[in-house]
Amino acid sequence: LPERGDENSAEEEQDAVALAATRVGKVCWWHMASGAVLGQHDGMLLEYDQVTLAPLGVVMTAEELNDRDVFLVGEGAALVVHPPQNGSDIEVIHPNPDGSYAR
């Protein structure tokens with residue numbers, strides 16, 4: 001389960017942009033500015049409950065991520081997803097109107 005300060009936290013990387021390094025097999029998680037907890041597990045981008053840290057839903061499937069990198073931008077204001085090799089398939093993920101990220 002995600003816990004602040006554990007070895008899988010991406011929150012200590014950089015202030016402005018933190019590479020979450022989403023690769024198949026990599027486990028990484030972080031808190032968004034809204035308090036939402038997002039994480040990468042089994043190649044998927046997931047949202048977790050802020051209190052219980054139980055999975056709430058899928059933000060991006062493994063097929064959607066397709067080995068792309070995820071960057072945390074603006075101290076957790078949004079996520080930018082793009083290919084690792086100077087690709088143009090860039091996607092910006094903002095929260096839903098209710099503040100959640102799961103689709």
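So, going from the N terminus, the elements of the protein chain run β-β-β-β-β-α-β-β-β. That comes to one helix and eight strands. Keep in mind that this is a predicted model.

Okay, some totals for the chain. There are 103 residues, and 41% of them count as buried. The chain exposes about 5900 Å², with carbon and sulfur atoms supplying 50% of that area. On the topology side, take the contacts between residues at least 6 apart in sequence: 35% of those join residues at least 24 apart.

Now the strands I'd like you to look at: 2, 3 and 4. Strand 2 and strand 3 run antiparallel, and four bridges join them. If you click on Trp30, you'll find it standing opposite Leu38 in strand 3. The hairpin of these two strands has five residues between the strands, and Gly35 there takes a positive phi near 100°.

Carry on to the next pair. Strand 3 and strand 4, residues 44-48, also run antiparallel, with five bridges joining them. Here Leu38 turns up again, opposite Glu47 in strand 4. So what sits between the strands in this hairpin, and which residue takes a positive phi? There are two residues between them, and Asp42 is the one with a positive phi, near 55°.

How covered is strand 3? Mostly: that's residues 37-41, and four of the five are buried.

Right, packing. You'll know the background: in soluble globular proteins, nonpolar side chains tend to be buried together. In this model, the largest nonpolar core has 15 residues. The ones with the most contacts inside that core are Trp30, Met32, Leu45, Leu79 and Ile93. Which elements give two or more residues to this core? Those are strand 2 (28-31), strand 5 (55-60), strand 6 (69-73) and strand 7 (78-82).

Then there's a second, separate core of five residues, and that one includes Trp29, Val37, Tyr48 and Leu53.

Let me finish on Leu79, if you could zoom in there. Leave aside its neighbours within four places in sequence, and what is Leu79 in contact with? From the hairpin strands we just went through and the stretch around them, you get Trp30, Met32, Leu38 and Leu45. Then come Val70, Phe71 and Leu72. And further along the chain, Leu79 also touches Glu91, Val92 and Ile93. Of those partners, Trp30, Met32, Leu45 and Ile93 are names you've already heard, from the list of residues with the most contacts inside the largest core.

Terms used. Residues are numbered from 1 along each chain as its sequence is written. This is a predicted model: local features need pLDDT of at least 70, side-chain atom pairs count only at pLDDT 80 or more; totals for chains, interfaces and linings use all residues. Side-chain values use heavy atoms; hydrogens and water are left out. A nonpolar core is a set of buried Ala, Val, Leu, Ile, Met, Phe, Trp, Tyr and Cys residues joined through side-chain atoms within 4.5 Å. Buried means under 20% relative accessible area, exposed over 50%, partly exposed in between (1.4 Å probe, protein chains only). Contact means heavy atoms within 4.5 Å. Two strands pair if DSSP finds at least two bridges between them. Accessible areas come from the Shrake-Rupley method with a 1.4 Å probe; for residues, only the protein chains shown count as cover.
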